[in-house]
Amino acid sequence: MGLTPDPEDERAMRLALEEARTCLDHGDVPIGAIVTKGGEVLSAAGNRRERESDPTAHAEILALRSAAAALGSWRLEGCTLTVTLEPCAMCAGAAVLSRLDRVVFGAADPKAGFAGSLGNLLQDPRLNHEVVVESGVLAEECGELLRSFFRERR
């Protein structure tokens, strides 16, 4: 990520942060995701694993499903996924399989991230699609929301 983040990426990340904060109402880890295309928001979601008792109800998966429904296609070419935390292996895999152009994330996840921390599924040349990755957009704000959540749980 360059020194000056793209204003559209910051705008999308602020929306993702709003989605993340809604997770606090139902005890889910506060992670939010937005899918955009050409500056238009196609979908927005927060984690709902606890709320739905669904291990796959990560913000990214929910946002990708909703964006695909909005476009009427599983192929999300031309779209960007913006998420407050570096995607895990499942979500990174879904980003590749959905043919996203870009993934933008805020805070790195050294324990589970697969967009550069533990591995990088998004840009693995062995796969049939590579996704552009931008990291660190509003990273401090994204990270603090998560740290605060876990501090309150201890």
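Buried means under 20% relative accessible area, exposed means over 50%, and partly exposed lies in between. The exercises below use a predicted model.

**Exercise 1.** Classify Val132 by its relative accessibility.

*Solution.*
- Step 1: Locate the residue. Val132 sits in strand β5, residues 132-135.
- Step 2: Take the value. Val132 has 42% relative accessibility, so it counts as partly exposed.
- Step 3: List the contacts. Leaving out residues up to four places away in sequence, Val132 touches Asp101, Arg102, Val103 and Gln123.
- Step 4: Check a distant pair. Ile34 and Val132 are 98 residues apart in sequence, and their C-alpha atoms are 16 Å apart.

**Exercise 2.** Work out the strand order of the sheet and name its edge strands.

*Solution.*
- Step 1: Read the order. The five strands form an open sheet, β2-β1-β3-β4-β5, with mixed pairing.
- Step 2: Find the edges. β2 and β5 each pair on one side only, which makes them the edge strands.
- Step 3: Add the twist. On average, neighbouring strands are turned by 15 degrees against each other, direction ignored.
- Step 4: Inspect one pair. Five bridges join β1 and β3 in the antiparallel sense. Val35 has Leu81 in β3 as its bridge partner.

**Exercise 3.** Place helix α3 against the sheet.

*Solution.*
- Step 1: Find the strands touched. α3 packs on the sheet through β1, β2 and β3, and its direction makes about 145 degrees with that of β2.
- Step 2: Check the span. The 13 residues of α3 (59-71) reach 18 Å from first C-alpha to last, close to the 18 Å expected.
- Step 3: Pick out the buried residues. Among them are Ile61, Leu62 and Leu64.
- Step 4: Find their partners. The buried residues of α3 pack against β1, β2, β3 and also α4 (89-97).
- Step 5: Look past the end. Gly72 follows α3 and has a positive phi, near 75 degrees.

Note on methods:
Residues are numbered from 1 along each chain as its sequence is written. This is a predicted model: local features need pLDDT of at least 70, side-chain atom pairs count only at pLDDT 80 or more; totals for chains, interfaces and linings use all residues. Side-chain values use heavy atoms; hydrogens and water are left out. Helices (H or I, at least four residues) and strands (E, at least two) are DSSP runs, numbered from the N terminus. Buried means under 20% relative accessible area, exposed over 50%, partly exposed in between (1.4 Å probe, protein chains only). Contact means heavy atoms within 4.5 Å. The expected span of a helix is 1.5 Å times one less than its number of residues. Two strands pair if DSSP finds at least two bridges between them. Axes are lines fitted to C-alpha atoms, for helices over the stretch in contact, and angles run from 0 to 180 degrees between N-to-C directions.
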